[in-house]
Amino acid sequence: MPQDGDGTDLRDLTIEELQATRNQMLRLANKEAAKAAGEQTYKDYNSTLNAIQDAVRDLRNAELLALLQQLRAHESDLREGIKDLERSRENIERVEQFLVAAGKVLEVVGKVLKAVA
């Protein structure tokens with residue numbers, strides 16, 4: 001996807017993907033799969049879910065110009081992470097792999113938001 005003039009496409013794509021991931025994680029069957037994977041995995045699943053919600057909120061609230069600069073600086077990592085997250089969400093029942101993909105996107109988003117703050 002080509003970058004638009006003010007960077008809203010990458011910001012919106014990131015928010016959209018994080019929201020889709022959150023919605024998938026909230027499904028009862030996926031929460032049960034995480035719970036069945038073990039207590040620590042279930043805790044990690046819930047921590048990831050909370051981190052995703054925080055990231056969506058923070059991305060929406062960040063000053064767009066500063067955010068744009070940081071998104072562009074991390075664009076390749078973010079796009080790669082989004083692709084991995086899309087693929088892993090298709091097989092979310094493989095909880096550990098999904099958590100790794102979600103963690104990578106959250107790590108990049110965290111770097112972006114930290115730089116903007």
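**Helices, core and salt bridges**

Q: Why are α2 and α3 called oblique to each other?
A: Their axes cross at roughly 140°. Angles under 35 degrees count as roughly parallel, over 145 as roughly antiparallel, 65 to 115 as roughly perpendicular and the rest as oblique. The crossing of α2 and α3 falls in that last group, so the two are oblique. This is a predicted model, where local features need pLDDT of at least 70, side-chain atom pairs count only at pLDDT 80 or more, and totals for chains, interfaces and linings use all residues. Residues are numbered from 1 along each chain as its sequence is written, and side-chain values use heavy atoms, with hydrogens and water left out.

Q: What are the axes of α2 and α3, and within what distance do they come?
A: Axes are lines fitted to C-alpha atoms, for helices over the stretch in contact, and angles run from 0 to 180 degrees between N-to-C directions. Those of α2 (residues 28-36) and α3 (residues 39-61) come within 6 Å. Helices here are DSSP runs of H or I with at least four residues, strands are E runs of at least two, and both are numbered from the N terminus.

Q: Which residues make the contact of α2 with α3?
A: With contact meaning heavy atoms within 4.5 Å, α2 brings N30, K31, A34 and K35, and α3 brings T41, Y42, Y45 and N46.

Q: What makes E17 buried?
A: The relative accessible area of E17 is 6%. Buried means under 20%, exposed over 50%, partly exposed in between (1.4 Å probe, protein chains only), so E17 counts as buried. Leaving aside neighbours within four places in sequence, E17 touches I82, L85, E86 and R89.

Q: How do you know that E17 and R89 meet in a salt bridge?
A: The N to O distance between their side chains is 2.1 Å. A salt bridge is a side-chain nitrogen of Lys or Arg within 4 Å of a carboxyl oxygen of Asp or Glu, so the pair qualifies. R89 is buried as well, because its relative accessibility is 18%. The pair links distant parts of the chain, with E17 in α1 and R89 in α5, 72 residues apart.

Q: Why is R57 called partly exposed?
A: R57 has 42% relative accessibility, so it counts as partly exposed. Its salt-bridge partner D54 (3.2 Å, N to O) is partly exposed too, with 35%. R57 and D54 sit three residues apart in α3, so about one helical turn separates them.

Q: What makes E75 and R79 a salt bridge, and where do they lie?
A: The closest N and O atoms of E75 and R79 are 2.8 Å apart. Both residues lie in α5, four residues apart, or about one turn of the helix. R79 is buried, because its relative accessible area is 18%. D9 joins E75 and R79 in a network of salt bridges. The structure holds nine salt bridges.

Q: What makes a set of residues a nonpolar core, and how many are in the largest?
A: The set must be buried Ala, Val, Leu, Ile, Met, Phe, Trp, Tyr and Cys residues joined through side-chain atoms within 4.5 Å. The largest such core has 30 residues, and L18, Y45, L78, F98 and V109 have the most contacts inside it. α6 (95-116) supplies the largest share, 11 residues. Beyond four places in sequence, L18 is in contact with I52, A55, V56, L59, L85, V105, L106 and V109.
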